Amino acid sequence: MSQIGKQIVDFKVQSFQNNGFEEVTKADVLGKWSVFFFYPADFTFVCPTELEDLANLYEEFKATGTEVYSVSTDTHFVHKAWHDTSETIKKINYPMLADPTGVLSRGFDVMIEEDGMAERGTFIVNPEGEIVSYEVVAGNVGRNAEELLRKLKALQFVAANPSEVCPAKWKEGNETLKPSIDLVGLI
């Protein structure tokens, strides 16, 4: 069943960010664009490469008014320990959400129940708290933060310009389309 338009679950979790712990709730997410980036577990193999890729583009995500939240079923203490021991994870400045009870993983429908871990799920959430894009990838394949940023910018553009749509591979500044009967069969 599609998750597009689904309101995110009410939640209250701990996060690790900027060498400290802080509570994050659904209320903190509302009013801005958000990316929820689920990954199976800390101290693994593909996960740090993805999280570093996001860290390298974090300022660009922030420039769009978007907060990035990485999420795993590890505790905030484990996030801190990973941050303290991994040169790759030390590069992360975005909040790392701790989901040991699975409230987020189940709420976004990415929990692997038999393993107690999340699938590689990526969700873009609009300021109203609705999922407007999601992708779930097999556990052995990493994701691309550049493509995620491109999709985010396209979603923000069409939200601000509801009479236009973004074609394949659209990038900020490129032409868009204005759907009308005049375009039928011409593309």
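Over the ring of which residue does the charged end of Arg143 sit? In this predicted model, in which local features need pLDDT of at least 70, side-chain atom pairs count only at pLDDT 80 or more, and totals for chains, interfaces and linings use all residues, the charged end of Arg143 sits over the ring of Phe37, 3.7 Å from its centre; a charge is taken to sit over a ring if NZ of Lys or CZ of Arg is within 6 Å of the ring centre and within 35 degrees of the ring normal. Residues are numbered from 1 along each chain as its sequence is written, and side-chain values use heavy atoms, with hydrogens and water left out.

Helix H5 (helices being DSSP runs of H or I of at least four residues, strands runs of E of at least two, both numbered from the N terminus) covers residues 145-160 and reaches 23 Å from its first C-alpha to its last. This span is close to the 22 Å expected, a figure defined as 1.5 Å times one less than the number of residues. At the N-terminal end, H5 is capped by Asn144, a side-chain oxygen of which lies 2.8 Å from the backbone nitrogen of Glu146. Among the buried residues of H5 are Ala145, Leu148, Leu149 and Leu152, together with Arg150 and Lys153, where buried means under 20% relative accessible area, exposed over 50% and partly exposed in between (1.4 Å probe, protein chains only). These buried residues pack against strands E3, E4 and E8 and against helix H2.

The largest nonpolar core (a set of buried Ala, Val, Leu, Ile, Met, Phe, Trp, Tyr and Cys residues joined through side-chain atoms within 4.5 Å) has 23 residues, and those with the most contacts inside it are Leu51, Leu54, Phe61, Tyr94 and Met96. Two or more residues are given to this core by each of E3, H2 and H5, and its largest share, seven residues, comes from H2. Leaving aside neighbours within four places in sequence, Leu54 is in contact (heavy atoms within 4.5 Å) with Phe37, Phe61, Val68, Tyr94, Ala145 and Leu148. A second, separate core of 17 residues includes Val29, Tyr69, Phe123 and Val125.

Aromatic pairs, in which ring centres of Phe, Tyr and Trp (its six-membered ring) lie within 6.5 Å, with planes under 30 degrees apart counted as stacked, over 60 as edge-to-face and the rest as tilted, number 13. Phe43 and Trp82 form a tilted pair, 5.9 Å centre to centre with 40° between the planes. Because Phe43 lies in the loop between E3 and H2 and Trp82 in helix H3, the pair ties together parts that are 39 residues apart in sequence.

Note on methods:
A polar contact is a pair of N or O atoms within 3.5 Å; within protein, one must be able to donate a hydrogen and the other to accept it, and residues adjacent in sequence count only if both atoms are side-chain atoms.
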